[in-house]
Each structure stands twice: as C-alpha cells, then as structure tokens.
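Biologist: Could you take one part of this model and go through it slowly, in terms that a first-year student can follow? I would like to hear how two helices pack against each other, and then what empty space is left around them.

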Amino acid sequence: MLIGLLQGRVDFTDAVIYILSALVVIFLTLPFHEFAHAFVADRLGDKTARYQRRLTVNPFAHIDYFGALAIILFGFGWARPVPVSPRYFKNAKRGMAITAVAGPVMNLLLSFVASFFFYAIVRFFAGNTVAGYVAMFFSYYVSINIGLAVFNILPIPPLDGWKVLGSLLPDRIYWRVIQYERYISFALILIVYLGILDAPINFISGLLINVVTFIPRLVFGF
C-alpha cells in the first residue's frame, strides 16, 4: 500500500487510513498478543519472559523493527516472539499449547471490548463527525484483531496454531516438521504476500465478527 502511494497508484486518504491501521497493529495489537503469551507462560511456571522484561504491554518491548516496517510497507509483519522455555512447564506440550492459544484469545477479547465502544458510539453519537472517526477506529480495531487471531491460529509453523497442533502430534512427526520450520516460514511469507490465504482468512473472520459482536449488538439494539 505505502509503495503504491509512493508510485502514485493509491489515493492519499486511503493511504493515511492504511498507515494509521498499521500503527494500530504495531502499537495497540501485537503488544497485547505477545503480552498474553508472556502472561500465560509466567502463570504456568516459565519466568523467562518476566526476566527479559517482556511481561508488559509496552510496545517497545515487543517491536521487531523489520517486522514493523514490513507491516507498513506490505501489510503483514511480526513482533518479537516472546521467549518460552517449555522445560519449566509441568507438561511441556500442554503448556506450549495453552501459551500459544493465549495470543489469539487476547485478540478476540480485544475485538469483543472494542465492539462495545463501536456500537455505543454509533448508537449515542450518530451524526457527530468526530465520533464517526472514533467509531471508524474501533471498527478497524475489531477487524484487525479478528484477522490476526484467525491468521495466527492457522496450523502452520511458526504460527500459534502449529504449536497447538504440535502438542497433539507424536514427537517423531513434530520434530521432523520442526527441522523444516525456517523453510516453511519463508513459504508462508510468500503465500501471504501473494494473497493465497486472503479468501479463507476473510471468510473465517467474517464468521467470527458475527460471533464476537453478537452481545454488543444485542445490548445496543442492532
């Protein structure tokens, strides 16, 4: 998107909205996702994230600057993964699975909370220009978090969904796949860049939006 702006192929207003959305991901979404991993691992007995000062929602503790730049330039990227040492868990595989799923669950929780603000603003401040922009922000925030939750739960290394699936696989199969994790990661980046996953992610995200916003819509009469 940003590259398109520099080449004159993208409307300036659309580009500004896109960049603001990217900054929301970098500063208000990924930090909570990584904090959830750190918090759950800490509660399960692994203090590694705490000792490395990653048990925080401070975005600067989690930013990977190349990943952040990729988000702005290409629309996808990454944060610094929270360090997890499964040897501290009572059950290593189960602990890794619970820690992994905590990130997407946090994204869904953020979507749920943000949707209350969105529908409240639409209900009580309809017609107010400033409120309209605030509502737009919360709308983006809901969509971004749900999209990240769906993407991260895909059972593909190194995503969270793979760690959940890996906890169910025999060790022999799990470690064989892990040997190729680096190559699979590069393939995943290419697949995302080509938009191959857009359709299934958008479909599942649409279903989840209906689920996540059901109670807020009910509360505010939508």
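Modeller: The crossing of α6 and α10 is right-handed, and, as this is a predicted model, that description holds for the prediction. Two packed helices are described by the angle between their axes and the distance between those axes. Here the axes of α6, residues 129-152, and α10, residues 198-212, come within 9 Å and cross at roughly 125 degrees, which means that α6 is oblique to α10. On the α6 side, the contact is made by Ser143, Ile146, Gly147, Val150 and Phe151, while α10 brings Ile201, Ile204, Ser205, Leu208, Ile209 and Val212. Sorted by class, the residues of this contact are eight nonpolar, three polar and no charged.

Helix α6 also takes part in the lining of the second largest pocket, where α6 and α2 (12-43) are the elements that give two or more residues. About 210 Å³ of space lies in this pocket, and its lining includes Val16, Ile17 and Leu20, as well as Tyr133, Met136 and Ile144. Nine residues of that lining are nonpolar, one is polar and none is charged.

Following α2 leads on to the largest cavity, since α2 gives the most to its lining, with three residues. About 40 Å³ of space lies in this cavity, and among the residues that line it are Ile26, Leu30, Pro31, His62, Asp64 and Trp78. By class, the lining of the cavity has eight nonpolar residues, one polar and one charged.

Definitions and conventions. Residues numbered from 1 in each chain as written. Predicted model: local features only at pLDDT ≥ 70, side-chain atom pairs only at ≥ 80, totals over all residues. Heavy atoms only, no water. Axes fitted to C-alpha atoms, helices over the stretch in contact; angles between N-to-C directions. Helix = DSSP H or I, 4+ residues; strand = E, 2+ residues; numbered from the N terminus. Parallel < 35°, antiparallel > 145°, perpendicular 65-115°, else oblique. Left-handed = near helix turned anticlockwise from the far one by under 90°. Contact = heavy atoms within 4.5 Å. Nonpolar A, V, L, I, M, F, W, Y, C, P; charged D, E, K, R; others polar. 1 Å grid on protein atoms, 1.4 Å probe; cavity = no way out; pocket = protein on both sides within 12 Å on 5 of 7 lines; lining within 4 Å. Points joined across faces, edges and corners; volume = space filled by probe spheres on them.
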